[in-house]
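Biologist: I would like a close look at a single helix and its surroundings. Could you take me through that one part with some care?

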Amino acid sequence: MKLPIKRKNTKGIKTLFIDKNSTFTGGEQERLNIVLSPSYYWFKRVELPVKYVSQAQSLAASQFDGVIPEANYKYMVIKKEDLFWLFAYDEAVIAQKLKNLNIKPSQIEGFYFAQNECEALSIPIKIDENMALVNSDGVVSLMPISYVNETLSLEQWSRDLNFSKHKVSLNLFQNSVLDEKWIFRFSVMSIVFIVLYLASYLLLKNDLKNELTQQYALTQKYKLPETSFQLNSLKRSLTSKENRQIELRQNVKKLFSIRLEKGEYVKKFEMKTKTVEYEIVLNAPKNAEKIKKQLSKNFKVDSAKVVDNTFYVGVKL
C-alpha cells in the first residue's frame, strides 16, 4: 500500500500518515510532518484528581497498567477542559518503522498523533482498501471500511490540514535510527576532538618540560633547595626575617621620633638585640620626665637617670 503525501501549509514540508502497512517512496531530502496512526499509540480520556498536566503526567502510567501489553512506554498528557487525554507509545516500535521506511531523522519536522489532528474529523478517511480512520464520540480509531459510507482520501484530508500544537516527543537517536549523514558527522567530530586533545596534550607536555627546565636552572643558579619541604622551610624562614626587619624599622622610627626642646640633642644612641640606650643632653633636668613619658607609650623604660644635665635612659624592645 502506497500512501500519498501532500504539502502542508508550511512551504517545503509534506504530510505523511503512517500506519502498520504504510510504505514511503519519497526522496531522502524531503522534509516531513508525520501523523501517527492509532496503531502506534494507546489513548484514554479520563478525569483525574489533579489540576495540572505535570501532576497528571506522573499518574499516566498507572492509568494504562494492566490494560495494554508490557513494553517500555513513554507517556504524553494533554488537558482538555476538565478531562486529561493520555497517550502511551513505544518509541522503539515507531523508530523501527521509520527505519524500515528508510526515513532519516534529519528529514522529520515533527510527529503528531492522529487523535489530535483528527479531533474535528466528521468524514472518515480512507487509509487503504480495507481500513478507514474514523472519529467516534471524539475518539479517533481504525475501522473496517465496510462499516462506513462516505470517505475522504488521505490526499483530500492532508491538503488543508493545519497541525495542532501537540507535537509528540520522540528520541530517535536513542532508538538506533541514526542516518549515515549523522554517523559521518559524529565520526568527523570525534576525530577532530581526538586531534585537538592530542595537540593540547603535546603542547601542555612541552610547556611542562620548559617549566621544569627553567625551575632546575633557577635552582642551580641560586643554589635553592630542590624539595618542596625544603623550599617551604626556606620560605617560612625568609618570611620570619622579613617580619622582624619590618618590626625593627617601625621601632627605630618611633625611637627617633621623640620630641626634644630647642638646644637639646641625642649624644649617644646604642641599639642592641633587645634593648636601646640613650644619652640625651638636656636644657634642664626636669625635661627628662617628658622624654620618659614619650618613650613609655611604645616601649618599656628599663632605666632612667640624669647626671649633669645628661639623661641616661634605657628601653626594652
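Modeller: What follows is a walk along one helix, from its start to the residue after its end. The model is a predicted one, and the helix in question is α3, which covers residues 91-100. Just at its start, a side-chain oxygen of Asp 90 comes to within 3.0 Å of the backbone nitrogen of Ala 92. Glu 91 belongs to the helix itself, and this residue counts as buried because its relative accessibility is 8%, where the cut-off for buried is under 20%. The side chain of Glu 91 is also joined to that of Lys 74 by a polar contact of 3.4 Å.

Glu 91 is one of the buried residues of α3, which are, besides Glu 91, Ile 94, Ala 95, Lys 97 and Leu 98. Viewed down the helix axis, these buried residues of α3 fall within an arc of 160°, and therefore they line one face of the helix. As for what lies over them, the cover of the buried residues of α3 includes the strands β2 (13-18), β3 (31-36) and β5 (74-80), together with β6 (83-89) and β7 (108-113). Lys 74, the partner of Glu 91 in the polar contact, falls within the residue range of β5, one of these covering strands. Beyond the far end, α3 is followed by Asn 102, a residue whose phi is positive, near 60°.

Definitions and conventions:
Residues numbered from 1 in each chain as written. Predicted model: local features only at pLDDT ≥ 70, side-chain atom pairs only at ≥ 80, totals over all residues. Heavy atoms only, no water. Helix = DSSP H or I, 4+ residues; strand = E, 2+ residues; numbered from the N terminus. Buried < 20%, exposed > 50% of the residue type's maximum accessible area, 1.4 Å probe, protein only. Polar contact = N/O pair within 3.5 Å; in protein donor to acceptor, adjacent residues only side chain to side chain. Arc of directions from axis to C-beta. Contact = heavy atoms within 4.5 Å.
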